[in-house]
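Work through the exercises below with the structure open beside you. Try each task before reading its solution.

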Amino acid sequence: LFIQNNQMASFDDIEDETFFERVCALKEMFPEPVQKTISTAASTTAWTAKTCYTYGSRLLWILSSSALILALVPQYESDQDQLAKQQADNMRMQHQQMLTGGAATGSRAVPAINFIWSETSGDC
């Protein structure tokens, strides 16, 4: 509040100013070289931030996608190799069981062919 002639001024006496008008009034407080320096610094800072964001986001995309590809492809190949090895082991075990009649697994020996159908038996 302003004090003029020992009286308090009311808010009605103060002119309403917009934000733009206040900024323009501040502009008059500083000399031209200071204004140019501040303007140049602000422009340079904005340009640097925009450039860093642009190139940083591109670099992040390239690094993350490359890392993902370089990490997942060998992992996938390793999983495929393990799966193929496991399938080969299972087939080898089944083949062994067929040849030995299951004796290799520690179970009771059962002949691989336990029923021979002959035409002479007359059943059927």
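The exercises that follow concern a predicted model and go from its overall make-up to its salt bridges.

**Exercise 1.** State how many helices and strands the protein has, and in which pattern they follow each other along the sequence.

*Solution.* Step 1: count the elements; there are 2 helices and 2 strands. Step 2: read along the sequence, which gives the pattern β-β-α-α.

**Exercise 2.** Describe the surface of the protein: what percentage of its residues is buried, and what is its accessible surface?

*Solution.* Step 1: a residue is buried when its relative accessible area is under 20%. Step 2: of the 124 residues, 2% count as buried. Step 3: the accessible surface is about 11900 Å², and carbon and sulfur atoms account for 62% of that area.

**Exercise 3.** Find the salt bridges and classify the residues in them as buried, partly exposed or exposed.

*Solution.* Step 1: the structure contains 2 salt bridges. Step 2: one joins the side chains of Arg 22 and Glu 17, at 3.4 Å from N to O. Step 3: exposed means over 50%, so Arg 22, at 51%, is exposed. Glu 17 has 48% and is therefore partly exposed.

Step 4: another salt bridge joins Arg 92 and Asp 89, at 2.8 Å from N to O. Step 5: Arg 92 has a relative accessible area of 53% and is exposed, whereas Asp 89, at 33%, is partly exposed.

**Exercise 4.** Why are Arg 92 and Asp 89 separated by about one helical turn?

*Solution.* Step 1: locate both residues in helix 2, which covers residues 32–100. Step 2: Arg 92 and Asp 89 are about one helical turn apart because they lie 3 residues apart in that helix.

Conventions. Residues numbered from 1 in each chain as written. Predicted model: local features only at pLDDT ≥ 70, side-chain atom pairs only at ≥ 80, totals over all residues. Heavy atoms only, no water. Helix = DSSP H or I, 4+ residues; strand = E, 2+ residues; numbered from the N terminus. Buried < 20%, exposed > 50% of the residue type's maximum accessible area, 1.4 Å probe, protein only. Areas by Shrake-Rupley, 256 points an atom, 1.4 Å probe, with all protein chains shown as cover. Salt bridge = Lys/Arg side-chain N within 4 Å of Asp/Glu carboxyl O.
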